[in-house]
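Me: Happy to go through this one together. Could you take my questions one at a time and show the reasoning behind each answer?

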Amino acid sequence: MTTHLALLRGINVSGHNMMKMEALKTMLENIGFQNVRTYLQSGNVFIDSEEEASKVGFMIKQEIFKVFGHEVPVVVITKDDLKSCFANNPFLKEKDADIKKLYVAFVSIALKKESINDLKISQFKPDEASIDENRIFIKYAVGAGKTRFDQKYIEKKLNVTATIRNWNTVTNLLAMYGE
């Protein structure tokens, strides 16, 4: 049995794709997932399953559409993915790093380092980004709400599914893996 973390994109944000976490939890238990737990209202769901990550994501996406009628992209990651965030985030190594400006975009496929060129991040200076496999580390100069370098832009430029979490959420999700 493997514990997976499903990151659902775009639920309960600004009144869109609304679903109660208790209803989501029940729905996931009804399709066979075990030990289902959620974090916040924005779509962070731990589940235990014998299935591979890609199948878990597909099952969740299908069932959400069937039960709630929402088309919700899902990226499934592991505890090792979260640990890698801490080991490989170049912005954490900076002196006086402001974690309130640090984010991670989790993407559906592994990226090459050269994919950073496709993002044309220079257009968004002083925002910065760095690619590490299926993660894009982001340091916003002002904040996530005041940039055009967002998940929609990343998805369009790299032809991937992406969902972004702030550093505080990433830290708390890793801590929850130990519970």
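Me: Which residues of α6 are buried?
Reply: Bear in mind that this is a predicted model. A residue counts as buried when its relative accessible area is under 20%. For α6, that gives W167, T169, V170, L173, L174, M176 and Y177.

Me: Which backbone nitrogen does a side-chain oxygen of N166 reach at the start of α6?
Reply: Look at the start of α6, where the side chain of N166 offers an oxygen. That oxygen comes to within 3.1 Å of its partner, the backbone nitrogen of N168.

Me: Is α3 parallel or oblique to α6?
Reply: The axes of α3 (residues 79-88) and α6 (residues 167-177) come within 10 Å and cross at roughly 135 degrees. An angle over 145 would count as roughly antiparallel, and 65 to 115 as roughly perpendicular. The crossing angle therefore makes α3 oblique to α6.

Me: How do the residues of the contact of α3 with α6 divide into nonpolar, polar and charged?
Reply: From α3 come K79, L82, K83, C85 and F86, and from α6 come W167, V170, T171, L173, L174 and Y177. Lys counts as charged, and Leu, Cys and Phe are among the nonpolar types. The division is eight nonpolar, one polar and two charged.

Me: Does Q41 count as buried or partly exposed?
Reply: Q41 sits in the loop between β2 (34-39) and β3 (44-49). Buried would need under 20% relative accessible area, and exposed over 50%. Because its relative accessibility is 48%, Q41 is partly exposed.

Note on methods:
Residues numbered from 1 in each chain as written. Predicted model: local features only at pLDDT ≥ 70, side-chain atom pairs only at ≥ 80, totals over all residues. Heavy atoms only, no water. Axes fitted to C-alpha atoms, helices over the stretch in contact; angles between N-to-C directions. Helix = DSSP H or I, 4+ residues; strand = E, 2+ residues; numbered from the N terminus. Parallel < 35°, antiparallel > 145°, perpendicular 65-115°, else oblique. Contact = heavy atoms within 4.5 Å. Buried < 20%, exposed > 50% of the residue type's maximum accessible area, 1.4 Å probe, protein only. Polar contact = N/O pair within 3.5 Å; in protein donor to acceptor, adjacent residues only side chain to side chain.
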